[in-house]
Amino acid sequence: MLEEIRISSLGVIESSTLELGPGLTVITGETGAGKTMIVTALGLLLGGRSDSGAVRTGAKSARVEGVVRVGDLSAFGAAVEEAGGEVEDDRVVLARNVSAEGRSRAFVGGASVPVSALAEVAEPLVAVHGQSDQHRLLQAAAQRDALDRFGGESLATLLATYADVFHRLEAVERELDEVVAHARERAQEADLLRFGLGEVEAVAPEPGEDATLAAEETRLGFSDTLRTAAEQAREALSSEQGDPDALATTSAARTALEGVREHDAEAGELADRLAELTYLLSDLAADVASYADRIDTDPARLAAVSERRAALTALTRKYGDTIDEVLAWAERSASRLLDLDNTDGRIEELRAQQDVLTRDRDAAAAALTAARTEAAGRLGTEVTAELTLLAMPHARLSVDVRPKGRFTASGADEVELMLAANTGSEPRALAKGASGGELSRVMLALEVALAGTSPVPTFVFDEVDAGVGGAAAVEVGRRLAQLASSAQVLVVTHLPQVAAYADRHVVVEKSSDGTVTSSGLTVLDDEQRERELSRMLAGLADSDTALAHARELLDVAQELRAAR
């Protein structure tokens with residue numbers, strides 16, 4: 001529930017705090033005092049579009065804060081924490097800054113967030129209804145949504161089931177269209193893949209073969225040079241010609257030290273190390289000799305390697321930079337070829353899925369239509385009863401559910417609210433059969449009927465009583481009060497008959513120093529309420545007649561509040 005709204009430098013409001021509570025809160029004030037700024041502030045808190053023109057003249061920025069008590073709104077608290085904000089003492093502060101240059105910043109629970117995140121967190125909290133919503137109510141989608149809300153969880157489940165089948169059928173049909181439309185391209189692609197795989201299969205490369213053959217070709221090309229170097233190295237290590245070599249030199253050094261071992265232990269240690277080196281040199285000389293013997297100088301092998309490398313290079317020019325990449329391409333292409341070669345089978349499979357999903361969609365749509373038709377009867381009855389209480393005793397509202405002629409994500413139904421405003425008149429679409437005042441009452445009657453199915457804890461009505469007066473205005477106030485028995489209701493109104501039913505009456509007062517106009521919010525006590533209602537009735541706060549009428553309105557309203 002919203003507990004408090006703080007407004008700074010927004011429009012004509014310089015700095016004001018509006019404390020809210022459960023039940024019905026009404027906001028009144030003279031024309032131009034800034035009543036609608038309350039609704040503008042709420043719109044900003046809900047993530048609505050910002051307007052730099054709403055920033056108070058001379059101010060650098062406007063700021064709006066809302067204090068929300070979490071209570072049993074566990075989903076709201078979880079959304080705040082997911083956005084990075086904190087819940088402190090079971091309360092969350094939502095805030096929005098709008099600079100004079102048009103820049104906007106949003107905050108949730110102390111965390112700076114994108115405006116879209118603020119909207120996502122705050123949207124489930126408040127339902128705002130203004131005169132613009134009357135025009136929205138004339139739209140087919142809004143009327144269908146109202147009926148679906150009234151249908152409750154069971155209808156929502158049917159709608160979700162239908163939407164799931166509808167979207168799966170759409171996906172299958174898109175794929176089927178793509179497969180059929182591109183059958184020729186798929187056949188051409190399959191031929192290209194088949195040709196490429198044939199080339200790879202004919203060469204039959206092994207993993208890493210290109211690198212191995214490149215090294216071998218280099219060895220074969222320089223075999224004479226390599227053999228000469230190896231023989232020179234072996235001769236230097238162990239000469240067959242009796243020339244000085246490393247092995248003989250090392251053996252001589254070892255012999256010299258062995259002769260003095262008994263005179264110095266260190267000389268013995270050095271002799272031992274030279275013995276180890278002698279063994280190592282002997283092994284190394286043998287390995288070098290073996291390497292020299294293994295060097296292949298076969299020209300035929302060199303030609304075969306060169307030819308094989310040419311075949312591998314032909315593959316890497318087309319299918320990958322290395323043979324490993326060529327083999328990976330071949331693996332992918334073989335899998336793709338299986339898919340392409342199964343085009344006819346895939347078409348048959350998709351058509352079978354299409355048939356099954358079409359039947360499922362038709363069945364789900366029929367179940368949804370049946371549920372909507374049943375809910376339409378109940379909604380029409382409840383709204384008609386509400387209209388009777390709203391001084392439209394002869395009005396009848398019906399909800400027409402008829403075939404749309406095509407399937408959409410929302411079903412196969414057209415939903416239209418029909419109003420017969422008077423006895424004997426034929427029901428007509430709201431757009432054609434309702435005046436502004438009647439439309440206001442229809443919208444309020446709908447909200448009362450939907451209150452039990454709506455999870456929104458706070459309703460805001462911005463002069464939805466426009467075009468209503470007299471006894472109808474009294475009934476509008478009564479029904480708003482009735483709605484406030486199950487939700488927090490905030491109403492901006494110009495009607496004293498509505499204001500009389502408030503649990504909390506806030507007046508927007510305008511003051512001026514001759515150059516700058518500012519507005520403040522004041523919660524009225526009983527005496528102040530009488531004077532404000534008198535002003536609203538007669539334009540004079542001190543009119544005895546108007547004061548008497550104001551007291552009468554308050555007395556009547558008090559009876560309802562006492563019975564609530």
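Helices here are DSSP runs of H or I that span at least four residues, numbered from the N terminus. With that in hand, here's a quick tour of this predicted model. Helix α2 covers residues 74-82, and Glu81 sits in it. Beyond that helix, the main topics are salt bridges, of which the structure holds 29, and two sets of paired strands.

**The acidic patch**
- Glu81 teams up with Glu86, Glu88, Asp89 and Asp90 to make a negative patch on the surface.
- Glu81 has a relative accessible area of 52%, so it counts as exposed, the cut-off being over 50%.

**Strand β1 and its neighbours**
- Strand β1 runs over residues 2-10, and 7 of its 9 residues are buried, so the rest of the structure largely encloses it.
- On one pairing, β1 runs antiparallel to strand β4 (residues 61-69), with 6 bridges between them. Here Glu4 has Val67 of β4 as its bridge partner.
- β1 also pairs with strand β2 (residues 13-19), again antiparallel and through 6 bridges. In this pairing, Glu4 stands opposite Glu19.
- β1 and β2 make a hairpin with 2 residues between the strands. Gly11 is in the turn and has a positive phi of about 60 degrees.
- Glu4 turns up once more in a salt-bridge network, where it is linked with Arg6, Arg63 and Glu65.

**The β9-β10-β11 sheet**
- Three strands build an open, antiparallel sheet, in the order β9-β10-β11. Its edges are β9 (396-408) and β11 (428-429), each of them pairing on one side only.
- As a reminder, strands of a sheet pair through backbone hydrogen bonds, either parallel or antiparallel.
- Between β9 and β10 (residues 411-420) there are 9 bridges, in the antiparallel sense. One of the bridge partners in β10 is Ala420, which goes with Arg396.
- There's a side-chain contact too: Glu416 and Arg402 form a salt bridge, with their closest N and O atoms 2.7 Å apart. That pair links distant parts of the chain, Glu416 being in strand β10 and Arg402 in strand β9, 14 residues apart.
- Both partners are partly exposed, with relative accessibility of 22% for Glu416 and 29% for Arg402.

**Helix α12 and its link to α6**
- Arg336 and Glu189 meet through their side chains in a salt bridge, at 3.0 Å from N to O. Arg336 belongs to helix α12 and Glu189 to helix α6 (residues 183-203), so this salt bridge ties together parts 147 residues apart in sequence.
- Arg336 is partly exposed at 31% relative accessible area, and Glu189 is partly exposed at 29%.
- Helix α12 (residues 323-341) also holds Leu338. This leucine is exposed, with 64% relative accessibility.
- How far apart are Leu338 and Leu560 in space, C-alpha to C-alpha? They are 76 Å apart, with their positions 222 residues apart in sequence.

**A salt bridge inside helix α18**
- Arg535 and Glu532 form a side-chain salt bridge with an N to O distance of 2.7 Å.
- The two residues are 3 apart in helix α18 (residues 526-538), which means about one helical turn separates them.
- Is Glu532 buried or exposed? With a relative accessible area of 9%, Glu532 is buried, because buried means under 20%.

Definitions and conventions: Residues numbered from 1 in each chain as written. Predicted model: local features only at pLDDT ≥ 70, side-chain atom pairs only at ≥ 80, totals over all residues. Heavy atoms only, no water. Patch = residues over 30% accessible without salt bridge, like charges linked within 9 Å, V, L, I, M, F, W, Y side chains within 5 Å. Areas by Shrake-Rupley, 256 points an atom, 1.4 Å probe, with all protein chains shown as cover. Salt bridge = Lys/Arg side-chain N within 4 Å of Asp/Glu carboxyl O. Lys, Arg positive; Asp, Glu negative; His and termini not counted. Charge placed at Lys NZ, Arg CZ, Asp CG, Glu CD. Buried < 20%, exposed > 50% of the residue type's maximum accessible area, 1.4 Å probe, protein only. Pairing = 2+ DSSP bridges.
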